[in-house]
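Reader: I would like a close look at a single part of this model. Please keep it brisk and stay with what the atoms show.

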Amino acid sequence: MLIVMKNNASAEQIRTVVGVIKEMGYDAMPIPGGQRTAIGLLGNDGGVASDRLEGLEGVLELIPVSHPYKQVSREWQDENTVVSLPNGTKIGGSDLVLMAGPCSVENEVQILGVAHRLKDLGVTVLRGGAFKPRSSPYSFQGLGLQGLELLARAREETGLAVVTEALDPDGVDLVVQYADIIQIGARNMQNYTLLRRAGRAGKPVLLKRGMSATIDELLLAAEYLLAEGNPDVILCERGIRSFDTHTRNLLDLTSIPVVKSLSHLPIIVDPSHGTGIRSKVTPMGRAAVAAGADGLIVEVHPDPPKAMSDGAQSLYPDQFAKLVDEVTVIARAIGRDVTDSLGENPTD
Ligand code: PEP
Ligand code: MN
């Protein structure tokens, strides 16, 4: 529940409301806004005696937050969250962000080469897995620490920010030393110990939708991160399981407008895992931007047939260049832009 204070409510009146909420056995979180303060009541078990709060001096109205999540909701915060990275990239603002790179970091030549190429195309965040959550224990599991070091080299050379996955709580402590964004993968979306650690890591988190997760479950997973004090959360639609076998997953583009109405958090789209097929990545990337995504994360490999993971869905750099041109046009048609925060616009 949110207790919205009148715009002339005094600090004393706000303190009184907070005191009463605590007396009632709940937690209170004041949220100062431009016009007025709202106070979040946390731990609502459905038994809040709202008349006791309604009657207090300075209270304008009580808004029941009917969703199971709170801090990620639009009721809690109306303005969009904009996540800022050290290299100037902003995620969730009016401009789209482009994240791209190979599924896995494989060696120095591969990652540095592709990073330079992607930077020239307007990408501002380099992706690349060092710890890979593979469906088979016999598949390539990633270079581990060496992969993180190579990503850090690529950042040094190019100025690109780095997003990479942490597979477990101890992995968060390691990844946070190298990455600008900690990725939590689809298979770990409901790993609550991992979410809690990432919520305390002090760096933005890219939270991918679980392959069988509802939108409410995605938002509840994000709530864990915010509840630990991390407001910098980026959601990612990456496709869900369906009965159709023509694609690896069903990319649920409806989740973009649904999430936008329920939550203030940015949402980006991964058309690579969302389709699993190279030829389907570009059309779905275009569609995601048209549907209002705040950005794309795309697997791009210098030589996809030789990729150690997800080659079949990885774009060739030239294909990605075309995708960038096309989504730039689409973005402009809906009043947005694709900005290279490291410098100029990619198509200007
Ligand atoms: C990835 O980004 O390489 C990845 C494994 O993604 P997901 O968790 O969405 O499957
Ligand atoms: Mn992959």
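In which sense do strand 12 and strand 13 pair, and over how many bridges? Please take strand 12 as the starting point and go on from there to the ligands.

Author: This is a predicted model. Strand 12 and strand 13 (residues 267-269) pair in the parallel sense, over 3 bridges. One pairing can be named: Leu235 has Ile267 in strand 13 as its bridge partner. Between the two strands the chain passes through helix 8 (residues 255-262), and this β-α-β crossover is right-handed.

Now the other neighbour. Strand 11 (residues 205-208) also pairs with strand 12 in the parallel sense, here over 4 bridges. Leu207 is the residue that stands opposite Leu235 on this side. Leu235 therefore has a partner in strand 11, Leu207, and a bridge partner in strand 13, Ile267. The link is again helical: strand 11, helix 7 (residues 215-227) and strand 12 form a right-handed β-α-β unit.

Next, burial. Strand 12 covers residues 233-237, and 5 of its 5 residues are buried, so the strand is largely enclosed by the rest of the structure. The side chains go two ways. Val233, Leu235 and Glu237 point to one side. Ile234 and Cys236 point to the other. All of them are buried.

From the strands to ligand 1. The residues around ligand 1 include Lys208 and Arg238. Lys208 falls within strand 11, which spans residues 205-208. Others around ligand 1 are Cys103, Arg127, Lys132, Pro133, Gln183, Gly185, Ala186, Arg187, His273 and Glu299.

Three polar distances describe how ligand 1 is held in view of its oxygen atoms. Arg127 places a polar side-chain atom 2.8 Å from an oxygen atom of the ligand. For Gln183, an N or O atom of the side chain is 3.0 Å from a ligand oxygen. Ala186 uses its backbone instead, with a polar atom 2.7 Å from an oxygen atom of ligand 1. Taken alone, ligand 1 has 300 Å² of accessible area, and the protein covers 97% of that area.

Arg127 deserves a second look. Arg127 sits in strand 8 (residues 125-127). Its relative accessible area is 2%, under the 20% cut-off, so Arg127 counts as buried. Its side chain has protein partners too. A polar atom of that side chain lies 3.1 Å from the backbone oxygen of Pro102. The side chain also makes a polar contact with the side chain of Glu299, at 3.5 Å.

Glu299 leads to the metal. The manganese ion is ligand 2, and its protein donors are Cys103 (SG), His273 (NE2), Glu299 (OE) and Asp310 (OD). These donors lie 2.0 to 2.4 Å from the ion. Along the chain they follow the spacing C-x169-H-x25-E-x10-D. Cys103 is in the loop between strand 7 (95-101) and helix 3 (108-120), while His273 is in helix 9 (residues 271-275), so this pair ties together parts that are 170 residues apart in sequence. Cys103 and His273 are both buried.

The two ligands share surroundings. Cys103, His273 and Glu299 are around ligand 1, and Cys103, His273 and Glu299 are also among the donors of the manganese ion.

Note on methods
Residues numbered from 1 in each chain as written. Chains lettered and ligands numbered in written order. Predicted model: local features only at pLDDT ≥ 70, side-chain atom pairs only at ≥ 80, totals over all residues. Heavy atoms only, no water. Buried < 20%, exposed > 50% of the residue type's maximum accessible area, 1.4 Å probe, protein only. Pairing = 2+ DSSP bridges. Right-handed = clockwise from strand over helix to strand, strands pointing away. Near = heavy atom within 4 Å. Polar contact = N/O pair within 3.5 Å; in protein donor to acceptor, adjacent residues only side chain to side chain. Areas by Shrake-Rupley, 256 points an atom, 1.4 Å probe, with all protein chains shown as cover. Donors = N, O, S within 2.8 Å, 3.2 Å for Na, K, Ca; no water.
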